[in-house]
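Me: I'm new to this one and don't want to get lost in it. Could you pick a single part, take a close look at it, and then show me what it connects to?

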Amino acid sequence: MSSLQEGDLDLRGTRAPSRLQAARGTEESAQGAEKPFQEVMDVSTGDPHRAGMKPVSFVRQVLAACVYPKLLDEKSLPLDARQRANTLLGVCSGRSVGSYCATAYGIPYVCKSVTEFIMRRDGGVSSNPEDIVISSGSTKTLLIVLHLMASGEGETRTGVLTPMPCPHTLPTLLNMAGLTLVPYQLLEDQGWAVELDELHRALRTTRGHCSPRAIYISNPGNPTGHVQDRKSIEEVIRFAATEGLVLLADEVYQDSVYGQGTESLSYKRVLFEMGKEYSKKVELVSFHSLSSACMGECGLRGAYMEAVNLDPVVMKYLRDAQAPSSPPVLPQLALEVMVNPPTPEDPSYKTYSQEILHSMTTLSQNAQRACEFLNDLSGIKCQPARGGVFLFPRLHLPPQMVEEAKMLGVEADVLYCQRLLEEEGVRLGAGCENGQVDPNFHIRLCVLAPSDTLDEILARLHSFHLRLLESFP
Amino acid sequence: MKKLDYTVLTRRANQIKEELRQELRKPYKQVIDLYWGDPHAAGVKPLSFVRQVLAACLYPDLVNSNTLPVDVRQRAQRLLGECAGGSVGSYTATAGIPEIVHRISEFITKRDGGAPSDPENIYISPGSQWALRNILKVLVNSQASPRTGVLTPGPCYPLTNFTIKGLGGVTVPYYLSEEQGWELHVGELHRALDSAKGLCNPVALYVINPGNPAGYVQSRKTMQEVIRFASEKRLFLLADEVYQECVHGEKSEFLSYKRVLSEMGPPLSDTVELASFHSASKGFMGECGLRGGYVELVNLDPDVMKCIYKLFSTDTCAPVLSQIALDLMTDPPQPGDPSYPLYSEETQHIKTMMVHNVKRVFEVLNSLPGFSCKPVEGGGFAFPRLHLPPKAIQKAKEMEMEPDLFYCMTLLEEAGVLVKPGMENGPKEGTHHIRFCIITPDDTMEEMLSRLSSFHTQFMKDFS
């Protein structure tokens, strides 16, 4: 056994044990251990299909025909889906999704479609296919950039300003890449807004501690649901410009802004509308993926980044980072359909737009309903969300429960979630996974689910929560 | 980042392909590309059953229509039932959908004559190299001094060497004996290990069986010697077995390292640490673009298994379609199933094609002065040796290229054939080879051999 102890076993970043249990544990729950519920309802991650949301038909039709080209002649599939599949097969080696992708950075045709989408989205701001890198999932895409930045030890170790709370997978990734997480608190009482003073404060803590090189921000916020207005985005951009930080903008939920009167703005667009002083200088990498709200195709594993104003040498590194391997082909085709959906003249447009509308309506209504419901529960306070797929309510837990958690060696929100899972079969995410180290506890739930599923979850949560409060007089 | 020379070649090939598309004149109509181990790009058709199931999983409406055979629809239905929310778009458990992982372990047990396989020790990953990289991350300590070493074969699959170096490790080559059909001699393992003294701290031994690029299939005897060596020297055994479906030699049989280890009995079977890798990219499926692979871990410490779990979990899970592809590979149609006749016909066709190709390669190349080719017993490639005339080597030097790269560039320009220069694979110093994929339709192989013969004869004449 000793040969393995030689290795680099510095894998800290133990996030909630419930994640460790989650994977292997499904088998146990499937094996019908005595439980008071039929099946586990899991809304701890942004995984809409798991919760019962349906995929976009057009996407699946195109992919099916790409995978099994005999379907190109299948009349039951819409003509435009079949035509798209035919076009996409034309950009695959040997007209097969089973061939290696020809480049390490993504199929050029797909990169081009991505840039066309970006230009449409950003009111004409130009986008270059050479600035696009595709990978299998946003984790990989982000890691490519993080690895690039990582350097130094101790005081010179690269630091990344990271929002608290942040996406629950981020702290482990930063640790794995050898980067120091420099937390900046989002303002919970203001709907998890970004505050400039807090960014400055966070930056000051890095002196003599690490070397800050980047600021990570997710907009719409994961898990907060906050959507930045133009002023806020400009503040962050100015801050990054002044302090010489690379902006890492996680915009995976850009398609899910539902708040009344809330505008969806990309970092790129705002940057370019701030004029040359910023648009030619600020280094920005923005991320998007198939795990977006409307697509929900988390299991397909496809993502891209657009890099702006990076040094050409750095850009080349990013494009070669996956060489000599290459990203899987099918998710790239799904990305192409995501960024280039049916237009009003297309036969599939009607169904497509109805499905998108249904997703957005469900999301928006669920978020509102769930937020009100949670705020009605004693000991829970939930900020309203305006975008994204999560709610991140705060828990005021009885002191005895906090003590009990301490004695068991877990965070109190982890204990809350464990108990909820055991008693009601509902799996939520513990807020500590999102990096919060303040004395408040939070839970994370994905509200993009069929309405009745959400209602069931809320009912079970209600029941559990009240029982919990009663048990601590 | 080290710049890999071969990209010069592939870039030129892409340029030429583009020029041909624009109908610029060339002495050939299209480039025959056998550079990668990519059967579909080389013209092999995917297996119908595989693609039908994948299509139905992607678009479940097909499950209820009569477009597809009933067993396809049943399989898709079962698989969708194993996906959260009935969709291939949901995340899965880190190691893979438990039912699929379970079936893979059953496949392994059956393949290995009953040697038990524990699903808890199996991880599905996006491509076998991703799994290999994670295991290497645990083995290679980037901070260590002296640096961590991994014994790798010469010739080898270059990506593995690249990964080891990228993680801060050192590759320690042990050379396979080309004269004896690429035999692995234990004496050479000892020599390699000794050569590492003072230079690095070797912790692992990486073997490829069936070979890549050299087309050998190891005998049980060799494998036992390797296992004993690994045990004696306390080396972690990394067995890259992705070409296990590609066995062409009549007398060759693929045995997995797991099986051989298990049949050697305790104490070896309980103590030698082994990771074996398989993939949906090679063999009959050839689904390189889907990125489906798995690793089975044997005799690892529970604490190390926890670390490995964490590593794998940082990337959430392998793509669901890749997992499904693996399921189809390890649990194909059986006699009696409606899809069986077609499946059997298609796989038999590919098998026959490979056997035919390696026979022709052997015949043709060995008849050409300046080439010598060992029989290709297994794997996806031929790796014939070039005996280049001194004038050619001189010309290559003048052009600042390795001789085999020079040969390949010239072959590409003049004959429109794209093969890989052997230098990337790290064979013995001073030897030159080319590598090309043999999983390709027979007529493509014939055309390639014909062009190669003409070119080679002329080349040898020009540089005599």
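Reply: Here is a walk through one strand, its partners, its salt bridge and then the wider picture.

First, some ground rules: this is a predicted model, where local features need pLDDT of at least 70 and side-chain atom pairs count only at pLDDT 80 or more, while totals for chains, interfaces and linings use all residues. Residues count from 1 along each chain as its sequence is written, chains are lettered from A and ligands numbered from 1 in the order written, and side-chain values use heavy atoms, with hydrogens and water left out.

Let's zoom in on strand β8 of chain B, residues 293–298. (Strands are DSSP runs of E with at least two residues, helices are runs of H or I with at least four, and both are numbered from the N terminus.) How many of its six residues are buried? Six of the six, where buried means under 20% relative accessible area, exposed means over 50% and partly exposed is in between, using a 1.4 Å probe and protein chains only. Both faces of β8(B) are covered. Gly293(B), Val295(B) and Leu297(B) are buried on one side, and Tyr294(B), Glu296(B) and Val298(B) on the other.

Now for the partners; two strands pair if DSSP finds at least two bridges between them. Strand β2 of chain B (122–125) runs antiparallel to β8(B), joined to it by four bridges, and there Ser125(B) stands opposite Gly293(B). Strand β7 of chain B (274–279) also pairs with β8(B) in the antiparallel sense, this time over six bridges. In that pairing, His278(B) faces Tyr294(B).

Glu296(B) deserves a second look: its side chain meets that of Lys258(B) in a salt bridge, 2.8 Å from N to O. (The rule asks for a side-chain nitrogen of Lys or Arg within 4 Å of a carboxyl oxygen of Asp or Glu.) This pair links distant parts of the chain, since Lys258(B) sits in helix α10 of chain B (257–263), 38 residues apart from Glu296(B). Both Glu296(B) and Lys258(B) are buried. Elsewhere, salt bridges that share partners join Arg75(B), Arg78(B), Glu82(B), Arg103(B), Asp327(B) and Asp331(B) into one network.

Within that group, Glu82(B) and Arg103(B) have their closest N and O atoms 2.8 Å apart. Glu82(B) lies in the loop between α4 (70–81) and α5 (98–111) of chain B and Arg103(B) in helix α5, so the pair ties together parts 21 residues apart in sequence. Glu82(B) is buried at 16% relative accessible area, and Arg103(B) is buried at 12%.

Chain A offers another example: Arg121(A) and Asp122(A) form a salt bridge at 2.8 Å, N to O. Here Arg121(A) is partly exposed, at 22%, whereas Asp122(A) is buried, at 1%. Over all chains, the count comes to 48 salt bridges.

And where the chains meet? There, 62 residues of chain A are in contact with 76 of chain B, contact meaning heavy atoms within 4.5 Å. Across that interface the rule finds zero salt bridges. The two chains bury about 6000 Å² between them, 59% of it on carbon and sulfur atoms; that is the accessible area (1.4 Å probe) they lose on being put together, summed over both.
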